Amino acid sequence: MVDTIGYAAKHSFSRLKPFRFERDEPKPNELLIEVLYCGVCHSDIHQVKNEWSNTLYPCVPGHEVVGRVAKAAKDGKHKVGDIVGVGCMVDSCQSCAPCKEGDENYCEGPNGFLATYNGPFIPAAQAATGENMYGRDNTFGGYSSNIVCREDFVIAIPDALKPEEAAPILCAGVTTYSPMKHWGVEKGDKVGVIGLGGLGHMAVKLAKALGAEVTVFTRTEEKKAEAEALGASHVAMEKEIKEKAEQLAAVPGTFDLILSTVPEKHDINPFIALLKRDKTLVIVGALEPMAAVDNSQVAFHRRSVAGSLIGSIAETQEVIDFCAEHGIAPDITVIPIQDINSAMKKVEKGDVRFRYVIDMASLAKEEADAN
């Protein structure tokens, strides 16, 4: 077993506190990774507070993990000392159609993909027996000193990216890149981004690098200048769009793709009217029931409203390499693990520009205190 220290929530109203546990020794096809940095995602907050009603406690969050290989897989591609990343998944069934087609993030096996933390998901029909295909009760994430992961779910981090800046790309980056790739964003396209937080600011940078003309829709006046600094060609206030909804619905749309990065229930109807015929609004930020959609705005222009979930392993490696090639990095604030509870409160308030990243060297203080 591998001794590990992390930060965990014990229940839905718990602060994250030091937590000691053991990980299984890595199998021949797995890596043991010393965690160097881990991004703080809004999903971590949803999960810690059980806002999706599926949290397994104790909960050690963290799925934007960058670290150093401490133990390599037999005959593997990664060597001891390599800097690597672990995103939202550490395994999948490997046998369903999506997995065979390289879409592990849409795994249709009995438990879906195995999440980096808070997994596996056990459907209600299996909950009584505890049956699951992964043979474990829970997974613990990257707010910890180490992590074990299948080698083919590990991402190589190029030297051109600082490890602390690479971390948020493993979730926020690929979550916005994947729909742009799927819906074919090209040079000259017009892309709208609703919300300018952890996901939204990466969406702006990636869409711009793909050659798109980017418009940001925000509720916050002070984010106008920030959006422009990130590369947005235009910034519009959400309030103004909603006030002009009927007027905008009366004219042809102009956008080829709109991404909603808002991490909670919200009204997308005013934005649907901004799409060209046959184009799509994709929700990537919220995993909950949304406000009802006015289907007349969809049907009369053959528009689509869609969802997209993180990205595949191949897409994650692709976006990491794309960011390295184009000099793209998230805007981050590095914090010690001891500040995680106050940082989460600031994330909820939108008071971070734009991603907190935990320096896991700060866990040494917990080790010192324990000794």
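A salt bridge, in these legends, is a side-chain nitrogen of Lys or Arg within 4 Å of a carboxyl oxygen of Asp or Glu. The views below all come from a predicted model.

**View 1. Lys276 and Asp256 meet in a salt bridge.** Look for the side chains of this pair, with N and O 3.1 Å apart. Lys276 belongs to strand β14 (residues 275-283) and Asp256 to strand β13 (residues 255-260), so the contact ties together parts that are 20 residues apart in sequence. Is Asp256 buried or exposed? Asp256 is buried, with a relative accessible area of 14%. Its partner Lys276 is partly exposed, at 31% relative accessibility.

**View 2. Arg68 is joined to Glu34 by a salt bridge.** Here the closest N and O atoms lie 3.4 Å apart. Arg68 sits in strand β4 (residues 65-71), while Glu34 sits in strand β3 (residues 30-40), so this pair ties together parts that are 34 residues apart in sequence. Arg68 counts as partly exposed, with 33% relative accessibility. Glu34 also counts as partly exposed, with a value of 37%.

**View 3. Glu226 pairs with Arg353 in a salt bridge.** The closest N and O atoms of this pair are 2.9 Å apart. Which parts of the chain does the pair tie together? Glu226 is found in helix α7 (residues 223-230), and Arg353 is found in the loop between α13 and β17 (355-359), so the linked parts are 127 residues apart in sequence. Glu226 is partly exposed at 24% relative accessibility, and Arg353 is partly exposed at 27%.

**View 4. Lys49, Glu51 and Glu348 form a network of salt bridges.** In this view, follow the links among these three residues: Lys49, Glu51 and Glu348. To set the scene for the views so far, a search of the whole structure finds 15 salt bridges.

**View 5. A patch of positive charge lies on the surface.** Six names are worth finding here: Lys10, Arg15, Lys17, Lys345, Lys346 and Lys349 gather in this patch. Which helix gives the most to the patch? That is helix α13 (residues 340-349), with three residues.

**View 6. Lys10 is one of the residues in the positive patch.** Zoom in on the loop between β1 (2-8) and β2 (17-23), for this is the place of Lys10. Lys10 has a relative accessible area of 48% and is therefore partly exposed, a word kept here for values between the buried limit of 20% and the exposed limit of 50%.

Methods:
Residues are numbered from 1 along each chain as its sequence is written. This is a predicted model: local features need pLDDT of at least 70, side-chain atom pairs count only at pLDDT 80 or more; totals for chains, interfaces and linings use all residues. Side-chain values use heavy atoms; hydrogens and water are left out. Patches are made of residues with over 30% relative accessible area and no salt bridge: like charges are joined within 9 Å, nonpolar side chains (Val, Leu, Ile, Met, Phe, Trp, Tyr) within 5 Å. Accessible areas come from the Shrake-Rupley method with a 1.4 Å probe; for residues, only the protein chains shown count as cover. Lys and Arg count as positive and Asp and Glu as negative; His and the chain ends are not counted. The place of a charge is taken as NZ of Lys, CZ of Arg, CG of Asp or CD of Glu. Helices (H or I, at least four residues) and strands (E, at least two) are DSSP runs, numbered from the N terminus. Buried means under 20% relative accessible area, exposed over 50%, partly exposed in between (1.4 Å probe, protein chains only).
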